[in-house]
Amino acid sequence: MPTLPFHQVDVFSKVAFKGNPLAVIAEADGLDDTAMQAIANWTNLSETTFLSRPQDPSADYRVRIFTPQRELPFAGHPTLGSCHAWLALGGRPKGEHVVQECGAGLVRIKRDGDRLAFAAPPLRRSGAVDAELTAKIAAALGIKTDAMRAVQWVDNGPGWIGVLIDSRQDLLNIRFDNSALSQQPIGVAAPWDPARDGRDADFEVRAFTWSGVEDPVTGSLNASLAQWLIGAGIAPTQYVASQGTVLGRAGRVHVAQDGNTIWIGGDVAPVVKGTISL
């Protein structure tokens, strides 16, 4: 029975069990789509990734990203967690940055001490959301339309729409109604009030996936939100986003703009290391 290297890590947290878990299977060149999907369905994590040799000569490795139901062209916490596992398995980048090949193209990843950060990919869709869909979003969030300060397409692959509201507490109180809006990923952000919320973060974020399930900590969403919020002058060029609070997590996403690049950084905590039998 063949075995492949298997890592399970916790992303966007310095300590285990407070971030977003990811399963990473290396040396996966021999696995076909059906096998990858079956394994991802079995792990039953939000994402499972498969590392193989790159097809693009400028990349260091190739990653394929699967949810239990489908493949994604790009996702943020799988990018950082996969890179962490690749480095832990002895991977060495060809250049200054690690270059990951995925369905969305090439993604640069840099090391900042123990923390990793990926360059936010360009938005595939941006701009205003129509009134009918905006009303459905408000209904799903259980808030009034005028409570949303802004609503924008911020799609960098998964199809995100971003919503900005004024109150972190109102954000934490949201109970998402999937029956009001299905198969449309929604990310909601609200600023922290230093007097009430402290100074550990600058924004609170919640992510509701295409199935309506809340994601603990979401790199792709934070990447797209950062491009919107920084570009609109709503957020500073460097800030920290908190995510996962309602789920008992303590995710921290470190955002920084350097020139024209926005970097999305986070810590990765190793949890499981071994092999998987196929």
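**Exercise 1. The setting of Glu47**

Classify Glu47 as buried or exposed in this predicted model, then describe its surroundings.

*Solution.*
Step 1. The relative accessible area of Glu47 is 11%. Buried means under 20%, so Glu47 is buried.
Step 2. In the chain, Glu47 sits in the loop that links helix 1 (33-43) with strand 3 (48-52).
Step 3. Leaving aside residues up to four places away in sequence, Glu47 is in contact with Leu22, Ala23, Ile65, Phe66, Thr67, Leu72, Ala75, His77 and Pro78.
Step 4. An unreviewed UniProt entry lists Glu47 under "active site"; such annotations may be inferred rather than shown by experiment.

**Exercise 2. Cysteines and disulfides**

Determine how many disulfides the whole structure contains, and explain why Cys83 is not bonded to Cys102.

*Solution.*
Step 1. A disulfide requires two cysteine sulfur atoms within 2.5 Å.
Step 2. For Cys83, the closest cysteine sulfur belongs to Cys102 and lies 12 Å away, which is too far for a bond.
Step 3. Taken from Cys102, the closest cysteine sulfur is that of Cys83, again at 12 Å and too far for a bond.
Step 4. The search of the whole structure accordingly yields zero disulfides.
Step 5. As to accessibility, Cys83 is buried at 0%, and Cys102 is buried at 10%.

**Exercise 3. A nonpolar surface patch**

Identify which residues form a nonpolar patch on the surface, and classify Val271 by its accessibility.

*Solution.*
Step 1. The patch consists of Phe17, Val271 and Val272, which together have about 290 Å² of accessible area.
Step 2. Val271 belongs to strand 18 (residues 268-277).
Step 3. With a relative accessibility of 37%, Val271 is partly exposed.

Conventions
Residues numbered from 1 in each chain as written. Predicted model: local features only at pLDDT ≥ 70, side-chain atom pairs only at ≥ 80, totals over all residues. Heavy atoms only, no water. Buried < 20%, exposed > 50% of the residue type's maximum accessible area, 1.4 Å probe, protein only. Helix = DSSP H or I, 4+ residues; strand = E, 2+ residues; numbered from the N terminus. Contact = heavy atoms within 4.5 Å. Patch = residues over 30% accessible without salt bridge, like charges linked within 9 Å, V, L, I, M, F, W, Y side chains within 5 Å. Areas by Shrake-Rupley, 256 points an atom, 1.4 Å probe, with all protein chains shown as cover. Salt bridge = Lys/Arg side-chain N within 4 Å of Asp/Glu carboxyl O.
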